[in-house]
Amino acid sequence: MTTLPKNWITEGHIDFEYKKYQLLAYLQETNKHFNAMKLYPVLSDLIDHYRDLNELKSGSSEMDKLFPKTLDSIDFQKGKLNYHSKVSEDGIMKELSMITEFALPKLVSQIEEGKTIYDYVEDQLEFEPVGIVPIYNQEGYILLSREQKKEVHAFRYKSSLLHFAGEKFRSISMWLVGVFQRSLVNTLEKIKMDLIREIKELPNPATWRIHSQQEFPIEETLIPISKRLLLKSVTN
């Protein structure tokens with residue numbers, strides 16, 4: 001995929017037409033992913049680029065740190081490296097302003113497209129427990145299936161609390177533990193029992209069914225959305 005570096009707006013030749021071409025090439029590539037119903041990591045990258053550019057516009061970013069620099073001298077007495085910018089400031093702010101004003105609405109439009117697809121996919125998903133949910137549900141299994149496929153992808157999940165800047169955030173990690181075949185005999189309940197027998201460290205696991213009516217991509221779309229759905233159900 002054609003990617004856009006984090007500091008794309010200040011890297012290389014700072015020229016409106018060049019940066020416009022660079023951005024449009026990136027957005028064209030992200031649009032291909034959206035057309036294929038692939039949301040991640042494209043959507044999160046778009047949001048990051050929007051936030052960075054919006055901070056740049058509002059002046060909350062330290063502009064000087066974004067420009068490439070070369071080593072100018074070494075102050076041995078203070079133990080300090082002195083750098084100078086490789087980019088002249090003449091006309092730079094005007095170019096950056098033009099690029100920013102052009103890029104922000106383009107990024108917003110593409111993010112909205114991604115959110116529309118996200119909402120559509122989420123509406124197509126059925127999310128429910130398999131059996132009784134135990135009190136401890138921070139670990140367990142997700143049984144992911146799609147309407148036109150016989151395969152059931154079994155994922156193990158674990159929820160963790162992250163501490164950052166005095167705040168607590170809950171995260172979900174998921175990894176594949178097996179692929180089973182659905183049948184009248186091999187039901188989700190039976191698959192759950194097979195997992196319990198095979199992975200003995202979870203004798204009474206919380207198990208969830210996520211069923212997609214359409215064949216959305218698993219890695220790029222279903223897994224990220226499944227994590228978000230699961231976060232709403234996992235208790236502290």
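## Aromatic pairs

In this predicted model, the count of aromatic pairs comes to 3. One of them joins Phe16 and Phe102, whose ring centres lie 5.8 Å apart with their planes at 85 degrees, so the pair is classed as edge-to-face, the term for planes over 60 degrees apart. This pair links distant parts of the chain, since Phe16 belongs to helix 1 (residues 16–35) and Phe102 to helix 4, with their positions 86 residues apart. Phe16 has a relative accessible area of 15% and therefore counts as buried, the cut-off being under 20%.

Phe127 and Trp208 also form an aromatic pair, and this one is stacked, with 5.2 Å from centre to centre and 5 degrees between the planes. Here too distant parts of the chain are linked, as Phe127 lies in strand 3 (residues 125–129) and Trp208 in strand 7 (residues 206–212), 81 residues apart. Phe127 is partly exposed at 25% relative accessibility, whereas Trp208, at 6%, counts as buried.

## The largest pocket

The largest pocket holds about 500 Å³ of space. Its lining is made up of 17 residues, and those nearest the centre of the pocket are Tyr40, Ser44, Ile47, Tyr118 and Arg228. By residue type, the lining divides into 7 nonpolar, 2 polar and 8 charged residues.

Several elements contribute to this lining: helix 2 (42–58), helix 4 (92–124), strand 6 (167–181) and helix 6 (218–233) each supply at least two residues. Among the contributors, helix 6 gives the most, with 6 residues.

Technical notes. Residues are numbered from 1 along each chain as its sequence is written. This is a predicted model: local features need pLDDT of at least 70, side-chain atom pairs count only at pLDDT 80 or more; totals for chains, interfaces and linings use all residues. Side-chain values use heavy atoms; hydrogens and water are left out. On a 1 Å grid over the protein atoms alone, a cavity is a set of points where a 1.4 Å probe fits but cannot get out, and a pocket is an open set with protein on both sides within 12 Å along at least five of seven lines; lining residues have an atom within 4 Å of a point. Grid points are joined across faces, edges and corners, and a volume is the space filled by probe spheres set on the points. Helices (H or I, at least four residues) and strands (E, at least two) are DSSP runs, numbered from the N terminus. Ala, Val, Leu, Ile, Met, Phe, Trp, Tyr, Cys and Pro count as nonpolar, Asp, Glu, Lys and Arg as charged, and the others, Gly among them, as polar. Rings of Phe, Tyr and Trp (its six-membered ring) pair if their centres lie within 6.5 Å; planes under 30 degrees apart count as stacked, over 60 as edge-to-face and the rest as tilted. Buried means under 20% relative accessible area, exposed over 50%, partly exposed in between (1.4 Å probe, protein chains only).
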